[in-house]
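Student: I would like to take a close look at one part of this structure, namely the place where the ligand sits. Could you walk me through that site and then through the empty spaces in the protein?

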Amino acid sequence: MALKLSVIGTGYLGATHAAAMASLGFHVVGIDVDPAKIATLSRGEIPFYEPGLETLLQEQVKSGRLTFSSNFDDAKDADVHFLCVGTPQIKDGLAADLTYVNASLEAVAAIAKDGALIVGKSTVPVGTAARLRARLLEINPQADLAWNPEFLREGFAVEDTLHPNRLVVGVANDRAENILKEVYAANLAENTPWVRADLPTSELVKVAANSFLATKISFINAMAEICEAAGGDVTILAKAIGYDPRIGNRFLQAGIGFGGGCLPKDIRAFMARAEELGASQALEFLREIDSINIRARQRVIELVRKDLSEDLRGKRVAVLGAAFKPDSDDVRDSPALDIAVQIQGAGAIVTVHDPKAMEPASKRFPVLNFAQSVEECVKEADIVLHLTEWKMYREIDPVSLKKLVSGAIMIDGRNALDREKWLAAGWKFRALGRA
Ligand code: UDX
């Protein structure tokens, strides 16, 4: 008999995991405390934009293998419960807020049947899994807990979940590992690397990976600052160092830096946890990674001031892009929106366009103006900022766009546009890290 699964928390991670597991043939129930979310998912709709996910979800709901409920009792038959709830940054510090993780552990511990395995996927401070396991065994001594961090990227969530580049399982015994091998049999058949670890190491793998990625981005953005000061070109520098396979060319795109619901909060929570462990010095460099990242946003604003005037009051600024990265409508800690809001705060009239993220962006920052098309966005603008590298922006014809603006100045905050094409069309073209 195939294992029965439950997925607790049906946000980005949980909804994708639930649909993916159902597509592998498991019966899955998705549990969430938000009844509105449950209703949406039960209709086969997802409350955010993620390529391919809605189709997968609809197929699985139709097949009858995937159901959703706000009642934990509906998960009591599950052999494996995946914890996929959020761990946002706390309001008044750097640490992660574990309210949802703690609450869902209590709830699932109360209903889990004998022998059930609870598997954490959320990103948590090291030490959380061991603490939760001890608590679980207090309430429900016949259950067990393992940790299985998730590495999915937004925009590629379905692909990353169905075909991850590795599976990491933090377990306290062979039985837990064997159950997880049954869950991930399809991946093992594809020779996906399998890493067994203890609980703390499995938690650390996730934050270490995100810290490394953040470091790579801030490294290239630091080089961009040097290139600007010395008259170099960071895009050529990145290409040249990337040919060394030890360095690699991915995640070396200089620009306005990283945002989103993961990298910024994960590196901060990691620093906070290191401090609690008395090891803060080891992660001192992450503070610098964070500052370089925030500085990249300021550098765009400085370029705008340089090109327009120190006083931005009344200037018309067009912003292309609101999502924290393309192929996503996620605006959490979006560098693009942060820049837009700061420029608006300095007195400019800012109009934003994004192919997918207009609704979440306008909800979060109603003070900004939003335009339904690129043409409407740039109309009579004194300057245009390209801040999220959607494919549609790379396809813009600079000749026809020039006819709409008042000032033909383009700042490419993502180093993704074809500079020669824009220069040839008569634009003044600026980019971070390119003198
Ligand atoms: C990230 C990790 O990649 C993923 O493994 C983890 O599970 C969650 O966090 P995600 O937040 O979806 O995934 O975004 P990612 O593709 O990593 O990009 C993060 C940010 O870095 C974006 O704002 C992106 O624009 C920026 N970035 C990325 C750069 O500025 N330069 C680059 O070269 C790459």
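Tutor: What follows begins with the ligand and its surroundings and then turns to the cavities and a pocket. Please keep in mind from the start that this is a predicted model, and that every value below is computed from it.

Let us begin with the shell around the ligand. It is made up of 20 residues, and the closest of them are F151, L152, E154, Q253 and K325. When these surrounding residues are sorted by character, 10 are nonpolar, 4 are polar and 6 are charged. Helix α9, which covers residues 199–230, supplies 4 residues, and this is the largest share of the shell. Where does the ligand lie with respect to domain 1 (4–197) and domain 2 (231–435)? Because both domains give residues to the shell, the ligand lies between them.

We can now look at individual atoms, and here three residues deserve attention in turn. A polar atom in the side chain of R414 is found 3.2 Å from an oxygen atom of the ligand. With L252 the backbone takes part, since one of its polar backbone atoms is 3.3 Å from a ligand oxygen. In the case of K206, an N or O atom of the side chain lies 3.5 Å from an oxygen atom of the ligand. As for how much of the ligand is covered, the ligand taken alone exposes 670 Å², and the protein buries 92% of that area.

From the ligand we turn to empty space. Rolling a probe the size of a water molecule over the atoms shows where such space is left. The structure contains 2 cavities of 30 Å³ or more.

The second largest cavity, with a volume of about 30 Å³, brings us back to a residue we have already met. K206 belongs to its lining, together with S122, T123, V124, W147, P149, S202 and E203. Helix α9 appears again as well, since it gives 3 residues, the largest share of this lining. By character, the lining divides into 3 nonpolar, 3 polar and 2 charged residues.

The largest cavity holds about 70 Å³ of space. Among the residues that line it are T123 and V124, along with V207, K265, D266 and R273. Helix α11 (residues 263–276) contributes 5 residues, which is the largest share of the lining. Of the lining residues, 7 are nonpolar, 2 are polar and 3 are charged. This cavity lies between domain 1 (4–197) and domain 2 (231–435), because both of them give residues to its lining.

Finally, there is an open space to consider, the second largest pocket, which contains about 200 Å³ of space. Its lining consists of 15 residues, and those nearest its centre are K4, H27, V29, D74 and D77. Strands β1 (4–8), β2 (27–31) and β3 (66–69) are the elements that each give two or more residues to this lining. The largest share, 3 residues, comes from β2. The lining as a whole divides into 6 nonpolar, 3 polar and 6 charged residues.

How values were computed:
Residues are numbered from 1 along each chain as its sequence is written. This is a predicted model: local features need pLDDT of at least 70, side-chain atom pairs count only at pLDDT 80 or more; totals for chains, interfaces and linings use all residues. Side-chain values use heavy atoms; hydrogens and water are left out. A residue is near a molecule or strand if one of its heavy atoms lies within 4 Å of it. A polar contact is a pair of N or O atoms within 3.5 Å; within protein, one must be able to donate a hydrogen and the other to accept it, and residues adjacent in sequence count only if both atoms are side-chain atoms. Accessible areas come from the Shrake-Rupley method with a 1.4 Å probe; for residues, only the protein chains shown count as cover. Ala, Val, Leu, Ile, Met, Phe, Trp, Tyr, Cys and Pro count as nonpolar, Asp, Glu, Lys and Arg as charged, and the others, Gly among them, as polar. Domain bounds come from an automatic or database domain assignment. On a 1 Å grid over the protein atoms alone, a cavity is a set of points where a 1.4 Å probe fits but cannot get out, and a pocket is an open set with protein on both sides within 12 Å along at least five of seven lines; lining residues have an atom within 4 Å of a point. Grid points are joined across faces, edges and corners, and a volume is the space filled by probe spheres set on the points.
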